[in-house]
Every structure is written in C-alpha cells, then in structure tokens.
Amino acid sequence: MRIGAVLAMVAVVATGCATLDEKGPTNEDIMRRTGLTVAAARPIVADNFELIWPERLSVDPEAVDVSKGCRTSMAAISYEGPPWRPRYEREVVNPSQEFVDRAMANLEAMTARGFTLVPSQNPDQDPVSRYYRDAQGFSVSSSRIRVGQNDEEVRFTMAAASPCAAE
C-alpha cells in the first residue's frame with residue numbers, strides 16, 4: 001500500500017515537472033493572438049524567399065519546413081510544436097560576389113514591402129549577415145560564414161521565416 005502511494009506521488013510530481021519545463025505559446029494562444037495558421041504562413045514564406053533569392057526560382061509552399069516548434073522543452077532540450085515556425089532556406093558554397101550583391105540588393109528591396117533591418121548586436125558579425133523583420137513577425141535573412149582551417153570555404157545562406165503559426 002505504501003509503495004503504491006509513493007509511486008502515485010512520483011507520477012504526479014513527474015507529470016507536473018513536465019509541464020513546468022515547457023515554455024512558449026500553444027496553438028490556442030496563437031489563434032487568439034494572431035490567428036496565423038501554418039496553411040496561411042507557408043505561401044507567404046515561399047513568396048518572401050522567392051523575392052530575396054538572387055536567381056529566379058519557384059518555391060512550393062509544401063516545401064516550407066514546419067519541423068521547428070515554438071515551445072522550448074527542457075526535457076528534450078529542443079523546440080517542440082505545435083505551434084510551428086515555418087521556414088525555408090538555401091545554402092550556396094563559395095558564391096560569386098555578383099550572387100551575394102544581388103542577394104543583398106533583394107534583401108534591401110524588402111524594406112519597400114514593410115521589412116526593417118534589425119541591427120546586429122555583434123559588432124564583429126560579417127556585414128553580409130543581415131536580418132529583416134516585418135510588423136507581423138515574418139523575417140528574411142542572410143548569413144555568410146567561413147569554414148576550414150584557413151577559412152577557405154564560404155557558406156552563404158538565405159532564409160525566410162514566419163512567426164509562430166498554429167496547426
């Protein structure tokens with residue numbers, strides 16, 4: 001009898017702790033605050049990416065990744081969902097300067113669509129690494145990193161993302 005009571009208490013404590021270590025909005029929170037759904041966010045992310053990518057391309061909204069959640073879980077040490085943060089990105093290794101210049105021009109052109117540059121908090125950050133966000137929380141960004149023993153390889157990534165979206 002005593003062992004049963006102890007096990008029941010452990011189960012209650014374990015269940016309580018599982019909910020305490022999760023942080024972030026729920027589907028219901030998102031629906032109440034913004035009403036944004038994954039179905040509505042995916043085409044916007046795809047369109048935004050098409051506008052910033054330096055070469056002509058078509059992004060299928062179904063290709064927009066929705067595997068990153070908006071809630072943090074200390075138990076899993078990860079982001080979980082729902083809700084989800086739709087995102088699409090591509091990387092080019094050793095891009096030409098012309099490619100990078102067109103990408104930077106396309107990002108800057110997003111200001112005409114309501115995006116604003118979010119200043120970096122890192123003074124040593126590569127100036128090509130930029131992040132723009134609009135009033136709804138959609139974002140577009142670029143990053144350039146150098147890898148290898150002598151920084152011989154350059155990886156240039158562009159991304160478009162959505163704020164948290166409910167299922």
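A salt bridge, for these notes, is a side-chain nitrogen of Lys or Arg within 4 Å of a carboxyl oxygen of Asp or Glu. I am working from a predicted model.

**Entry 1: overall layout**

I started with the secondary structure and found 4 helices and 8 strands in the protein chain. Along the sequence, I read the order as α-β-α-α-β-β-β-α-β-β-β-β. The chain has 167 residues, and 35% of them are buried. I also looked at contacts between residues at least 6 apart in sequence: 61% of these join residues at least 24 apart.

**Entry 2: salt bridges**

I found 6 salt bridges in the structure. I wrote up three pairs.

R32 and D29 come together at 2.6 Å, N to O. Both are in helix α2, residues 27–33, and sit 3 residues apart, about one turn of the helix. Is each partner buried or exposed? R32 counts as exposed because its relative accessible area is 62%, while D29 is buried at 15%. The cut-off for buried is under 20% relative accessible area, so D29 falls on the buried side.

Next I looked at R102 and E98, whose closest N and O atoms are 2.9 Å apart in a salt bridge. How far apart are R102 and E98 in helix α4? They are 4 residues apart, so about one helical turn separates them. R102 is partly exposed at 30% relative accessibility, and E98 is exposed at 54%.

Then I noted R87 with E89, a salt bridge of 2.9 Å, N to O. R87 is partly exposed, at a relative accessible area of 33%. E89 is partly exposed as well, at 42%.

**Entry 3: helix α3**

I checked the span of α3, residues 38–52. Its 15 residues reach 21 Å from first C-alpha to last, close to the 21 Å expected at 1.5 Å a residue. Which residues of α3 are buried? I listed V38, A41, R42, V45, A46, N48, F49 and I52. These buried residues cover an arc of only 165° around the axis, so they lie on the same side of α3. I marked R42 and N48 in my list, since I wanted to remember that an Arg and an Asn are on it.

**Entry 4: aromatic rings around W53**

A search of the whole structure gave me 4 aromatic pairs. One of them is F49 with W53, which is stacked, with 5.4 Å centre to centre and 25° between the planes. Both F49 and W53 are buried. How do the rings of W53 and F99 meet? Their centres are 5.3 Å apart and their planes are at 80°, so this pair is edge-to-face. Where do the two residues come from? W53 is in the loop between α3 and β2 (69–73), whereas F99 is in helix α4, so the pair ties together parts that are 46 residues apart in sequence. F99 is buried, as is W53.

I then looked for a wider group and found one aromatic cluster made up of F49, W53, Y88, F99 and F156. W53 has a charged neighbour too: the charged end of R90 sits over the W53 ring, 6.0 Å from its centre.

**Entry 5: phi of N94**

I looked up the backbone at N94 and got a phi near 55°, positive although the residue is not glycine. Most residues other than glycine have a negative phi. Where is N94? I placed it in the loop between β4 (87–93) and α4 (97–109). N94 is partly exposed, with 45% relative accessible area.

**Entry 6: R130 and what it touches**

R130 is in strand β6, residues 130–133. I have it down as partly exposed, with a relative accessible area of 27%. Which residues does R130 touch, leaving out those up to four places away in sequence? My list is M104, L117, Q125, V140, S141 and S142. I followed up M104 from that list: it is 26 residues from R130 in sequence, and the two C-alpha atoms are 8.7 Å apart.

How values were computed
Residues numbered from 1 in each chain as written. Predicted model: local features only at pLDDT ≥ 70, side-chain atom pairs only at ≥ 80, totals over all residues. Heavy atoms only, no water. Expected span 1.5 Å × (residues − 1). Buried < 20%, exposed > 50% of the residue type's maximum accessible area, 1.4 Å probe, protein only. Arc of directions from axis to C-beta. Phe/Tyr/Trp six-rings, centres within 6.5 Å; stacked < 30°, edge-to-face > 60°. Lys NZ or Arg CZ within 6 Å of the ring centre and 35° of its normal. Contact = heavy atoms within 4.5 Å.
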